[in-house]
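Colleague: Could you take one helix of this model and go through it closely, and then follow the packing outward from there? I am new to reading structures, so please take your time over each step.

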Amino acid sequence: MIDKPDIDERLLAAEVAAAWSVDVVDLAFMPVGLDGHAWAYRVEASDGRRYFLKVRRGDFSPAAVLLPGFLRTQGLRQVVAPLDLRLDGGVARRFGDYRLLLYPFQDGDSLWGRGLTDRQWTEHGDFLGRLHRVTPSAEVAAVLPVETYRSSAGDRLRALGGQAATSEVLGAFWERYGAALRRLAETVDDLASRVTPGQQVICHADIHPGNLIADGDGPLHVVDWDAPILAPRERDLMFVHSADFGEHPIDARRAELFREGYGALEPDPVLLSYYRGERHLDDVAAFLGSILSPEASAESRANDLHWLIRIAEAVADPGYAP
């Protein structure tokens, strides 16, 4: 989120210091991410160590708290997991209406803009293949959501469409793209009715290149485990096989490199289509809601409108098919 939360940063730094026994010397807001309920800070400690602090309004899901640490115990070294609290046990800390998670800071950049190297495409395949083969512990399985193919995105879009049509900011947008977005909602409903449920595995559920961090051609770090789910593997493979996520999407060569790491795979095309369309629909509904929020800044609205138009242009293209 690019707008700062309404938080006294001196108190926040003191809370981090107390909860994780970190001698905080600097706390810097990071305008990253598109989640309207979560914010990020870089924490500098007196011993030179750096940390990534995630602040969420309301609770983190139990799966987001438990799963990353469990995956690390299963040998998935790419998973970036929150650090344990020093005294209280667990990993999440209450801070007024907010919850805090602290992570080791990963050097490198998001791979959204520059893409993956050949070596990283194979590592990405290997990582997802191993993730999808992990059997969750009883504790983790008890808190992981399970795919139902009943998305709320279409209803949210329809509910917000009337507001968008009369909005000074979104009126022209809705007049141009509203019909295509309503058709997408109908398409997603139809795809959901035709899905043949597959074997359910642990899925990250948001593993686009923006959530892959690397320094040059170095090892991958997989971040943002906020919404994992038990679902068919296509839930994650959609991000690999769709051209919508990142500036350097998969092509024939990259697909072969990915397959070298993942193993043989023949994704279900209906499931891939459902997940692509549903993701577009969910993002559109989220951006509409954030733009229409009276609390949004002009800068935040402009940023969300940029991404909203990017999705809508893809959906309105005559050749678009989820």
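Modeller: Helix H2, in what is a predicted model, has twelve residues that should span 16 Å at 1.5 Å a residue, and because its end C-alpha atoms are 17 Å apart, the two values agree. Its buried residues are Ala 63, Ala 64, Val 65, Leu 67, Pro 68, Phe 70 and Leu 71. To read such a list, it helps to remember that an α-helix has 3.6 residues a turn, so residues three or four places apart point the same way. The buried residues of H2 pack against H3, against helix H4 (138–143) and against E7. Just after H2 comes Gly 75, whose phi is positive, at about 90°.

From H2 we can step across to H3, one of the elements its buried residues pack against. H3 has 16 residues, and the distance from its first C-alpha to its last is 23 Å, close to the 22 Å expected at 1.5 Å a residue. Its buried residues are Gln 120, Trp 121, Glu 123, His 124, Gly 125, Phe 127, Leu 128, Gly 129, Leu 131 and His 132. These pack against helix H2 (62–73), the strands E7 (201–203), E8 (212–214) and E9 (221–222), and also H7 and H8.

Glu 123, which sits in helix H3 (residues 118–133), deserves a closer look. Its relative accessibility is 7%, and because buried means under 20%, Glu 123 counts as buried. Apart from its neighbours within four places in sequence, Glu 123 is in contact with Arg 77, Gln 78, Gly 218, Pro 219 and Leu 220.

H7, among the elements that the buried residues of H3 pack against, leads us on to H9. The axes of helix H7 (residues 234–241) and H9 come within 9 Å and cross at roughly 75°, which means that H7 is roughly perpendicular to H9. On the H7 side of this contact are Glu 234, Arg 235, Leu 237, Met 238 and Phe 239, and they meet Leu 271, Leu 272, Tyr 275, Arg 276 and Arg 279 in H9. Sorted by class, the contact has six nonpolar, no polar and four charged residues.

Within that contact, Leu 272 of helix H9 counts as buried, because its relative accessibility is 18%. Leaving aside neighbours within four places in sequence, Leu 272 is in contact with Glu 234, Leu 237, Met 238 and Pro 267. Its C-alpha atom is separated by 27 Å from that of Val 32, which is 240 residues apart from it along the chain.

Ala 243, by contrast, lies in the loop between H7 and helix H8 (252–262), and with a relative accessible area of 56% it is exposed. Ala 243 and Gly 115 are 128 residues apart in sequence, while their C-alpha atoms are 12 Å apart in space.

Finally, helix H9 (269–292) also takes part in covering the buried residues of H6, as do helix H5 (153–166) and helix H10 (298–316). H6 (residues 171–194) has 24 residues and reaches 34 Å from its first C-alpha to its last, close to the 34 Å expected at 1.5 Å a residue. H6 nevertheless has a kink of about 55°, centred on Tyr 177, and Tyr 177 is one of the buried residues of this helix, which also include Phe 173, Trp 174, Leu 181 and Leu 184.

Methods
Residues are numbered from 1 along each chain as its sequence is written. This is a predicted model: local features need pLDDT of at least 70, side-chain atom pairs count only at pLDDT 80 or more; totals for chains, interfaces and linings use all residues. Side-chain values use heavy atoms; hydrogens and water are left out. Helices (H or I, at least four residues) and strands (E, at least two) are DSSP runs, numbered from the N terminus. The expected span of a helix is 1.5 Å times one less than its number of residues. The bend at a residue is the angle between axes fitted to the seven residues ending there and the seven starting there. Buried means under 20% relative accessible area, exposed over 50%, partly exposed in between (1.4 Å probe, protein chains only). Contact means heavy atoms within 4.5 Å. Axes are lines fitted to C-alpha atoms, for helices over the stretch in contact, and angles run from 0 to 180 degrees between N-to-C directions. Angles under 35 degrees count as roughly parallel, over 145 as roughly antiparallel, 65 to 115 as roughly perpendicular and the rest as oblique. Ala, Val, Leu, Ile, Met, Phe, Trp, Tyr, Cys and Pro count as nonpolar, Asp, Glu, Lys and Arg as charged, and the others, Gly among them, as polar.
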